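Got the viewer open? Here's a walk through the model, one selection at a time.

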Amino acid sequence: MIRNLMAATAVAVMGSLPVLAQDWSGQVTPYVWAAGLGGDVTPMTGAPTLSLDKSISEVLEDTDGAFFLSGYARRDRLVLMGDFSWSSSSKSGTVPPGLPAEGKLRQRSLTLLAGWRAVENQQFTLDLLGGARAWSVKSSVTVAGGAMQASPGKDFVDPILAARANIALAPQWSAILYADIGGFGAGSENTSQILATVNYQVNDNLWVSAGYRQLSVDYRSGGTAVDVTMAGPLLGATWRF
């Protein structure tokens, strides 16, 4: 499902390149994301539920790997956004009656949004958007060093509502605040994302960023329950064109 969405997006972007070159402005930002894991994971019917508690000091320890790529384009007040996220996190915990266990969560998500610039001045801009987030999630629990019980993987799509603000702080400095919410029972029960970065302009085309991202999903279907939050600091570099 995600591959099909990405292929369709690539075709649409390639087909519109002549227009983008003339009338559009855009940017691409790859991020390194230290995503820790917290929540509850039940891979399948009959499997134990592992409760995971995360503190900020444990973020790097929990992260097996994470990557986040964001794209943004605008023509006048029309705004298009997208992001692709991949992460693999693991965390130790216990299951009744106190047996040691380890949970793993691997996720890929693709978010595509379109919207309108509602507010624009020299100090502040606000974009309001709507779209969808496609998920591919696989969770597993290993109890007391025994055999791993893993889900075959779940693919689903959530409707999303979002807002993005860009705030000028000082010459060459700015902040971006982004939040979305979705699911509404259509794919997951609910999903949400929060992103906050402080950005420094290196030159006309290059910005570097540091900040924090939190991505949550509560999905329940066919004995699989994944109610988790992936959160942690990030570093990124933005190329504007």
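How many aromatic pairs does the structure hold? There are four in this predicted model, and we'll visit two of them.

**Stop 1: Tyr31 and Phe68.** Select these two rings and look at how they sit. Their centres are 5.0 Å apart and the planes make an angle of 15°, so this is a stacked pair. Now colour by strand: Tyr31 belongs to S1 (residues 25-33) and Phe68 to S4 (residues 63-75), so the contact ties together parts that are 37 residues apart in sequence. Buried or exposed, Tyr31 and Phe68? Both are buried.

While Phe68 is still on screen, add Arg213. Arg213 lies over the face of the Phe68 ring, 3.6 Å from the ring centre.

**Stop 2: Trp135 and Phe156.** Next, pick this pair. The two rings are stacked, with 6.1 Å from centre to centre and 20° between the planes. Trp135 comes from S7 (residues 124-143) and Phe156 from S9 (residues 154-170), so the pair links parts that are 21 residues apart in sequence. Trp135 is buried at a relative accessible area of 0%, and Phe156 is buried too, at 6%. Add Tyr219 to the selection and you have one aromatic cluster made of Trp135, Phe156 and Tyr219.

**Stop 3: the largest cavity.** Show internal voids. The largest cavity has a volume of about 200 Å³. Which residues are closest to its centre? Of the 19 that line the cavity, they are Gln27, Tyr31, Ser70, Arg164 and Ile176. So Tyr31, from the stacked pair with Phe68, turns up again in this lining. The elements giving two or more residues to the lining are S1, S4, S5 (78-95), S10 (173-182), S11 (190-201), S12 (206-221) and S13 (224-240). By type, the lining has eight nonpolar, eight polar and three charged residues.

Stay on Arg164 for a moment and bring up Tyr72. The charged end of Arg164 sits over the Tyr72 ring, 4.1 Å from its centre.

**Stop 4: the second largest pocket.** Switch to the pocket display. About 390 Å³ of space lies in the second largest pocket. Its lining has 19 residues, and the closest to the centre are Arg74, Arg117, Thr125, Asn166 and Arg240. S1, S4, S6 (99-120), S7 and S9 each give two or more residues to this lining. Here the split is five nonpolar, nine polar and five charged.

**Stop 5: the S6-S7 hairpin.** Go to cartoon view and highlight S6 and S7. The two strands pair in the antiparallel sense over 19 bridges, and the hairpin that joins S6 to S7 does so through three residues. For a landmark, select Gly103, which stands opposite Val141 in S7.

**Stop 6: two loop residues.** Last, turn to the backbone angles. Most residues other than glycine have a negative phi. Select Asp76, in the loop between S4 and S5: its phi is positive, near 55°. Asp76 is exposed, with a relative accessible area of 61%. Then jump to Phe184, in the loop between S10 and S11. Phe184 also isn't a glycine, yet has a positive phi of about 55°. Why does Phe184 count as exposed? Its relative accessibility is 52%, and the cut-off for exposed is over 50%.

How values were computed:
Residues numbered from 1 in each chain as written. Predicted model: local features only at pLDDT ≥ 70, side-chain atom pairs only at ≥ 80, totals over all residues. Heavy atoms only, no water. Phe/Tyr/Trp six-rings, centres within 6.5 Å; stacked < 30°, edge-to-face > 60°. Helix = DSSP H or I, 4+ residues; strand = E, 2+ residues; numbered from the N terminus. Buried < 20%, exposed > 50% of the residue type's maximum accessible area, 1.4 Å probe, protein only. Lys NZ or Arg CZ within 6 Å of the ring centre and 35° of its normal. 1 Å grid on protein atoms, 1.4 Å probe; cavity = no way out; pocket = protein on both sides within 12 Å on 5 of 7 lines; lining within 4 Å. Points joined across faces, edges and corners; volume = space filled by probe spheres on them. Nonpolar A, V, L, I, M, F, W, Y, C, P; charged D, E, K, R; others polar. Pairing = 2+ DSSP bridges.
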